[in-house]
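Student: Got a minute to go through a model with me? I want the cysteines and then the overall make-up.

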Amino acid sequence: MVSLCHTPSRRRPWRRGFTLIELLVVIAIIAILIALLLPAVQQAREAARRTTCRDHLHNLALALHNYHDAQGLFPYATINDCSMDWTGTNTANPGILVNSNPNIHCINKRGWVDVLPYMDQGPLYNAADHSQAFGSYDRVPGDGSPFMSDPFDNGNAFVVSTLIPLFICPSDDGDPYYKGNSQHYRISPLAFQNGLFGAKTSYDMSVLRYSSARRLWTSENRLIRRLFGPHSDSRLKDVYDGHSNSVMLVHGTLDVRNGIANTWGYSKWVGNGIDLGAGVTNNAAENPTFDSPATASPTKYGPEGINFWWCCPWWSGNQTQVFGRTRNWGAPGSQHAGGCFVALADGSVRWLDESINFRVRARLAKIGDRQPLGGEF
């Protein structure tokens, strides 16, 4: 006889799942961890961008030194610049380039064009017609300032509209091209009509800030000279204050609220270099070493200096600040928090805090006032 045995069924083990409260707690913990990590990630990214920015300035300073070694002098900031007094009427300011000289033609060229071969940009340099205009700005239209040809027709508009990564700060989210409608700042009306816009630079040569008219660099008072300027031909031996005590290149923002930021290839009404001493007045006629805060800047906010965002009482009567956009053209600043980088005449790169004493800042800008920097630097 065969007996039939009953085999009991196996019970499946009971599995306990997450409750809704536990799931919410886990999600909250993950969210808190992400919130804690994000600032660290952002700080790491900004630290990397700051390192890249420093490297850009160092490479540009090295290119200028290589140019100096090859040519025996530094390049000019601008040459045959139409923002000069081309009318010839400014008799009180001798040393100004005027259109009375038939051998001088307005070409609005920046010195960076000649430095291109030392920046691994030889093909771009070779593409330029160096005897023709690079920009068409004329301060007084119809005054007879001779242009040899339009930058669009001679091909130079294609050169100066080329964006060069080495000129751009990786932290700056401003527009790297000038796309506005002012003829004071365009390459030329014809270039603009054909979609060619002036390429900007975050870093530029140290100049005495100017608009409209400016003496040639060789005619400037030696005690307030910067390393570069209109038709400058400076040499390392001209830096009497010491190569480690004088600024060569200064950081600026791609967007400004009054005027326009610097374009690397062509000069215009304003924005032809950066002045570390911007916002500091020089009474050169009576005492060239006297520095004082600019009277145009509200005392409530202090003198216009590094990262001066307040602007513009002449527009609305009120002042507002927009982070990342300096008040004026040719002013030092950056979108790095708390200051900006500069390259000194010895090629080194230094960080300048935005709270730096204005006298120290002004004296760093000069190459021959023979005054000690003082303060902290």
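Tutor: Here is a short run through the cysteines, then the whole chain.

Tutor: This is a predicted model, so local features need pLDDT of at least 70, side-chain atom pairs count only at pLDDT 80 or more, and totals for chains, interfaces and linings use all residues. Residues are numbered from 1 along each chain as its sequence is written, and side-chain values use heavy atoms, with hydrogens and water left out.

Student: How many disulfides does the structure hold?

Tutor: The structure holds 1 disulfide, meaning a pair of cysteine sulfur atoms within 2.5 Å.

Student: Which residues does the disulfide join?

Tutor: Cys311 and Cys312, with S to S at 1.2 Å. The link is right-handed, with 70° about the S-S bond.

Student: Are Cys311 and Cys312 buried or exposed?

Tutor: Cys311 and Cys312 are both buried (buried is under 20% relative accessible area, exposed over 50%, partly exposed in between; 1.4 Å probe, protein chains only).

Student: And why is Cys169 not bonded to Cys53?

Tutor: The two sulfurs are 3.8 Å apart, too far for a bond. Cys53 is buried at 0% relative accessibility, and Cys169 is buried at 1%.

Student: New topic. How many helices and strands does the protein have?

Tutor: 8 helices and 14 strands. Both are DSSP runs, numbered from the N terminus: helices are H or I, at least four residues, and strands are E, at least two.

Student: What share of the protein's residues count as buried?

Tutor: 49% of the 377 residues.
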